[in-house]
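Please open the model in your viewer and set the cysteine side chains to a stick display, since this tour moves from one sulfur atom to the next.

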Amino acid sequence: MRFRSAFFGVFASLFVLGGHGWSQQPQQQGGQTGMSSGISSGVAAAPVYDEQKRPITAGGFVDQGPVVFQDITKQAGLAGWTHKMGVPEKKFIVETNGSGVCLVDYNNDGWLDIYLVNGSTFDALDGKEPSPHAALFRNNRDGTFTDVSAQAGVQNDRWGYGCSVADYDNDGWPDLYVGNYGKNRLYHNNHDGTFTDVAEKAGVTLGNWSPGSAWGDYDGDGRLDLYVTGYVHFDRNNLPISGSKAVGYSSCMYRGQTVNCGPRGLKGEPDHLFHNNGDGTFTDVTAKAGVEDKDAYYGFTTIFVDINGDGKPDLVVGNDSEPNYLYINKGDGTFEDDSYVSGFALNKDGREIASMGIAAGDYENNGLIDFYVTDFGDDYKVLFHNDGDTSFTDVSYKAGVAQTTIPFVGWGDGFLDYDNDGWLDLFEANGHVYPEVDGHDWGTTFAERPLLFHNVPDGANDRRFEYVPAVKGTGLAVVTPARGAAFGDLFNDGKIDVVINPIDGPPVLLRNVNADKHHWVELKLEGGPKGPRDATCATVYLKANGMRMRQDVLASGSYISTNDRRLHFGLGDATDAGTAEIHWPDGTRQTVRLPAADRIYTIEQGKGITGALCGGKPCTADGTAQKTGAH
């Protein structure tokens, strides 16, 4: 279902920027005229500077204001690891996109650990230098983390991009899928702190460039299936160099400067849906299920989530400078392509956007999943409001997120209730793709600061997002070329923290230190014997504090990353934790009364509450944390 009228060809030619890439610049070479087919993310915007004449992407700080996050990377023990992707000059697109980060409790001790995917270099692939390693940081439960990736066997040693977390074999332990340039990995959890790569046996290695992945039981058999996005088909024997035959002799330019080529004009890599056979192997059912990426769009982030409330996981895919996909689960093992009719394929101007990150959440507390999609610079980032009936409207300007985001190149993003008031706020991690921008007065920078928006009332019934200023010396003032970002309660204190995986640098851990004293509750769901065991794609509606809030158990999101799979609800000043209505993936429903606020509850399907943490430790009979005792 692809809409390509002459209008879009004409429309594209009006713009001077390539989508997530390069401009249309004819060039005479070898008697041929080359023309890149780049569709823009927007018109070159006027530079924005702060009072000190710094580009707003790395400036605009204030002396006073709310302090929401603090950078504790060094104190937490994460600063010694460095992400590396190609050479600093970024000659090729394979060196620019960066990697994701996954929050995963790999040892089932009740505390989130951090998995940071790493990139590589051509020299490393050729054996001329050591390969950069991915890092699994174990949570020491004291505010620090230890790199255990070597002993855990998850260093990857390939050119890594995204990751996703799910218990695909229903054994009660989370597994990891890692997308690479080259063969992908499926790390099976051995229950002893180690993993084994079983991707070859499972049949899910693929082999060129697979950035994103998602898990969901699309056919209701109790086993999690796997969707993997394809990006560019990158051929080292035919490198896409500006003016070369590989790019049709086109000139790859950004604001008149030669930059790396792509993705527009390069061959794409198709997406794949793998059905879980239940015996450790998977079968490619992409065409059979109706999700065939026939035009090989440049896929990034993908998420399985129930969009229309029928209890079946639907599928969304963010495509770079191509229309996004939205597939509705028909309940018979196939999907219907509603990308265009839903309004999710394009922004309000009818334009394709770069679509790096996708945040999924119910920011209005109306029971419907909305999406926030990040985009390239010189264009606003898109908030897709769910109108019901599988219909979405671009409300970015109305909701207050458009204008502020235009100068930034957005990547990882998430809906998070940072102040526990019961309303989902919005975080965006940013960073440019062209190092060349630092050498020009364009009002932008390679390293950029993140953006935070607070969810506030807009009249009687509507909500909008209010920009939260970056206070000097705090987490919002950290300037880094961000890519992946993941959101979760790393310290089991009821506050959502952020982990950022930048390109070519150390990670950033932003601890939530917001001054609010609001209450909260978190839920870890465990599915029944019919599965999925980890309750992926379960939906919970919590009635508390006069509201009905929705959260979903998701195995992927942000920019090719995975957030805390536990469901977090802010309660405001209410001390009553309310009642949870759980919609399990197998279609059954369960209502559980939560006895107290400020707890992390484990709820097992059909059994109810089977455990609770208070202050990060098991709760005693009187509701306080045990002074001793492991999990």
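Is Cys261 buried or exposed? The model in front of you is a predicted one, and in it Cys261 has a relative accessibility of 0%, so this cysteine counts as buried. Now add Cys252 to the selection, because Cys252 is likewise a buried residue, with a relative accessible area of 0%. A disulfide joins Cys252 to Cys261, with 1.9 Å from S to S, and if you query the torsion about the S-S bond you will find 100°, which makes the link of Cys252 and Cys261 right-handed.

Next, select Cys102 and Cys163, which are joined by a disulfide with an S to S distance of 2.2 Å. The link of Cys102 and Cys163 is right-handed, with 125° about the S-S bond. Colour the strands as well, because Cys102 lies in strand S4, made up of residues 101-104, while Cys163 lies in strand S8, made up of residues 159-166, so that the pair ties together parts that are 61 residues apart in sequence. With accessibility mapped onto the model, Cys102 counts as buried at 0% relative accessibility, and Cys163 is buried with a relative accessible area of 2%.

From there, move along the chain to Cys614 and Cys619, where a disulfide joins the two residues with 1.8 Å from S to S. The torsion about the S-S bond of Cys614 and Cys619 is about 105°, and therefore this disulfide is right-handed. Select Cys614 on its own to look at its surroundings, and note that its relative accessibility is 5%, so that Cys614 counts as buried.

With these pairs on display, what is the pairing when the bonded cysteines of the protein chain are numbered in sequence order? The pairing is 1-2, 3-4, 5-6. A cysteine that stands outside this pattern is Cys537, which is in no disulfide, and if you draw a distance from its sulfur to the nearest cysteine sulfur, that of Cys102, the value is 15 Å. By comparison, a pair of cysteine sulfur atoms has to lie within 2.5 Å to be taken as a disulfide. Keep Cys537 selected for a last look at its accessibility: Cys537 is buried, with a relative accessible area of 10%, which is under the 20% that sets the limit for a buried residue.

To finish, show the bonded pairs together once more: the count comes to 3 disulfides.

Note on methods. Residues are numbered from 1 along each chain as its sequence is written. This is a predicted model: local features need pLDDT of at least 70, side-chain atom pairs count only at pLDDT 80 or more; totals for chains, interfaces and linings use all residues. Side-chain values use heavy atoms; hydrogens and water are left out. Helices (H or I, at least four residues) and strands (E, at least two) are DSSP runs, numbered from the N terminus. Buried means under 20% relative accessible area, exposed over 50%, partly exposed in between (1.4 Å probe, protein chains only).
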